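The following exercises are to be worked with the sequence and the coordinates at hand. Each task is followed by a solution that goes step by step.

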Amino acid sequence: MGKSVFIAEKPSVAQEFAKALKVTGRKGDGFIESESVIVTWCVGHLVTMSYPDAYDPALKRWSMHTLPFLPQQFKYQVIEDVKKQFLTVKKLLTREDVETIYVCTDSGREGEYIYRLVEQMAGVKGKKRRRVWIDSQTEEEILRGIKNAKELSAYDNLAASAYLRAKEDYLMGINFSRVLTLKYGPAVASYLHEKRAVLSVGRVMTCVLGMVVRKEREIRSFVKTPFYRVLGSFGLPAALDKESLTVSAEWRAVEGSKYFGTPVLYKENGFKEKKTAEELVQFLTAEPMEGTILSLEKKKETKNPPLLYNLAELQNDCSKLFKISPDETLKIVQELYEKKLVTYPRTDARVLSTAVSKEIHKNIAGLQNFPPLGAFANEVLAGGSYKGIVKTRYVNDKQITDHYAIIPTGQGTASVGRLAPLAQKVYERIARRFLSIFYPPAVYRKYSLHMEKQGEHFFAGYKVLAEEGYLKVASVQRERAEQTAIGNADASEAVSASPGGKDLPAEKDSEQELDPGQDGKAKALLAALDSLKKGQKLLLLSLEIKEGETTPPKRYTSGSMILAMENAGQLIEDEELRAQIKGSGIGTSATRAEILKKLFNIQYLSLAKKTQVITPTLLGEIVFEVCGASIRQLLNPELTASWEKGLTYVAEGSITPEEYMEKLERFVALRTNGVKQGNNQHLLTPYFDAAAKFYKK
């Protein structure tokens, strides 16, 4: 019986396979071999696509005459730095005594591509080939993956999409970077007073650049608008002869108000000019100084635990909480994965599979030994809430492609304390999010108070956390505040702006949060609110004018940019809305952090490390203008997302690789020839000037 070769993507992963398979034989240079098994590894990519001069030495020189460059057969070569390991792997894969090859590279498109290139260059023939697909590196999961390994051919469509992704990036990068450099490089170099300028563009990176530049220009063109709100302080009956206990209510121009629908309003709860607000205050100071309760609504509101982490969500949270880049987050979670602490990180899914949900008690049980969360894990197991998880929104096989969400494996928790402090924090975030789904929703009591005085209307809203639910396990105090606080009418003097620079709804401006458990006065206020009735009179103690101004759109942070890329440029914080447009992202969970990193490295974008805020550089804006005047499609998130969607269709078998390649070559040729035929370089200087004025020191 012939031997089996297990080939992993990295040496550390190969070691885990060797342990699981009990391979204790001789250790060679780049492999481990026992009587029946050989374990070997790549070191990331061993093979890459050849540069154009490998096709023809003349192509080393950039020239308009050799563009577009569209080879009929693509060439590949071994990466020189890792040639020794490639030769080791090649020898093992082609040995006569090797009967079966188990492909154990990372379970995803890129991992598939890494192995297929090695097999192609090694000239492997006549071997049985099986694909090991795993979601964590625990011994149990490795052995399950080996046992259930499918024929490699079952992943041929995935491999085809991987080859096409590489060809797409290659053809667009080579052709568009060369043609734009040749056409516009001299003008850019001259403007920047440089000897030469190479313009680097790509399918995804240029689209991301466009998103950042457009956002920056929105902010620059934003004009702050002042507005004036009127707030009334109403005394509660229970407190009139005791310590002052008041309700702060906001005036709004609803139907019945003399200002309703008039041009003096900025919006329903504010005036354009202070003098109008002063007129209202003067009008309302007439006797009697009291308001009548028109309605008092009391209701419960529930907030469900959020969906589990995928890589994009985790990168966004780590950017906000720990001020680290998506690239740093990926490195940390990859380390956690390789130490068997969490499941596969490069995933887009935020749910579990049915199969995993049936065994989820094992993951929970492992967290009993993790001190920060051991008590919560015990509580979940004792209560049995995990048993019904399969019927919830947290389990959905249809929302999973390659891998389910990132969760703790439950193994190795004793080693968490030996991790770097930041890695410990990231692990705890993942574990808290995981345990949250086994807890009930948080429940709030909401009070909405509507009062009238002299035909004018005041509104107040209060929100009280009645039942902690999942928040007690999810809670990092700062995060809980972010999740539950909606705003305080007294404290907020500016209306927050949405991504488009628009104001938030007026109702949210006036809703205030109480914490009776921490504040005795809040407890008394809550009791007083409970005692109020419709038609009751409240004493109007004072009126004040609050001046505010609209705020511009927020810049992208490294985390919010990852979410924006996931959703084709739409910065959507609401997770349910994001789920509705799932599948239209640019880049993949495995590549987005690297794309951002490249844009920082080539100095098209700048990253403020302390805040993780992203801004363009002058060079980045100049490249944006060049692309806008030549290949505008590269700046379009929706188009870029459609290419990514096409790769998904190839992986699913919905379209053939040939169909995709035909479309790709036509696009590259058409756009490259369009640039060659253009003659608009001299027209760009005013646009460069318009951007440059924001960068003058």
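**Exercise 1. The nonpolar cores**

Task: In this predicted model, determine which residues have the most contacts inside the largest nonpolar core, and which helix gives the most to this core.

Solution. Step 1: The largest nonpolar core comprises 94 residues, and Leu180, Val208 and Met561 have the most contacts inside it. Step 2: Helix 5 (residues 156-192) gives the most to this core, contributing 15 residues. Step 3: Met561 may then be examined individually; leaving out residues up to four places away in sequence, Met561 touches Val208, Met211, Val212, Tyr556, Leu596 and Ile614. Step 4: There is also a second, separate core of 73 residues, with Ile32, Ile324, Ala349 and Leu435 among them. As general background, nonpolar side chains tend to be buried together in soluble globular proteins.

**Exercise 2. An open sheet and its helices**

Task: Establish the strand order of the seven-stranded open sheet, and identify which strands stand at its edges.

Solution. Step 1: The seven strands follow the order 2-3-4-1-7-8-9, with mixed pairing. Step 2: Strand 2 (26-28) and strand 9 (150-151) each have a single partner strand, so one side of each lacks a neighbour in the sheet; these are the edges. Step 3: Within the sheet, strand 3 (residues 31-33) pairs with strand 4 (residues 37-41) in the antiparallel sense over three bridges, and Glu33 has Ile38 of strand 4 as its bridge partner. Step 4: Helix 1 (residues 11-20) packs on the sheet, in contact with strand 1 (3-8), strand 3, strand 4 and strand 7 (98-104), and its direction makes about 160° with that of strand 4. Step 5: Helix 2 (residues 83-93) likewise packs on the sheet and touches strand 1, strand 3, strand 4 and strand 7, at about 150° to the direction of strand 4.

**Exercise 3. The two sides of helix 17**

Task: Find which residues of helix 17 are buried, and state what covers them.

Solution. Step 1: Helix 17 (residues 520-531) has 12 residues and reaches 17 Å from its first C-alpha to its last, close to the expected 16 Å. Step 2: Its buried residues are Ala522, Leu525, Leu526, Ala528 and Leu529. Step 3: Viewed down the helix axis, the buried residues of helix 17 fall within an arc of 165°, so they line one face. Step 4: Gly520 and Lys523, on the other side of helix 17, are exposed. Step 5: The cover over the buried residues includes strand 11 (246-252), strand 14 (290-303), strand 15 (442-453), strand 16 (456-467) and strand 17 (511-514).

**Exercise 4. The partners of strand 18**

Task: Describe the pairing of strand 18 with strand 10 and with strand 14.

Solution. Step 1: Strand 10 (residues 226-235) and strand 18 (residues 537-549) are antiparallel, paired over 10 bridges; Phe234 has Leu540 of strand 18 as its bridge partner. Step 2: Strand 14 pairs with strand 18 in the antiparallel sense over three bridges, and Gly291 stands opposite Leu538 in strand 18.

**Exercise 5. Two threonines**

Task: Decide whether Thr640 is buried or exposed, and do likewise for Thr413.

Solution. Step 1: Buried means under 20% relative accessible area. Step 2: Thr640 lies in helix 22 (residues 637-652); its relative accessible area is 2%, so Thr640 is buried. Step 3: Beyond four places in sequence, Thr640 touches Arg203, Val204, Cys207, Ile586 and Leu634. Step 4: Thr413 lies in the loop between helix 12 (374-383) and helix 13 (421-436); with a relative accessible area of 8%, Thr413 is buried. Step 5: Apart from neighbours within four places in sequence, Thr413 is in contact with Leu341, Gly366, Leu367, Asn369, Phe370 and Tyr427.

Note on methods: Residues numbered from 1 in each chain as written. Predicted model: local features only at pLDDT ≥ 70, side-chain atom pairs only at ≥ 80, totals over all residues. Heavy atoms only, no water. Pairing = 2+ DSSP bridges. Helix = DSSP H or I, 4+ residues; strand = E, 2+ residues; numbered from the N terminus. Contact = heavy atoms within 4.5 Å. Axes fitted to C-alpha atoms, helices over the stretch in contact; angles between N-to-C directions. Core = buried A, V, L, I, M, F, W, Y, C linked by side-chain atoms within 4.5 Å. Buried < 20%, exposed > 50% of the residue type's maximum accessible area, 1.4 Å probe, protein only. Expected span 1.5 Å × (residues − 1). Arc of directions from axis to C-beta.
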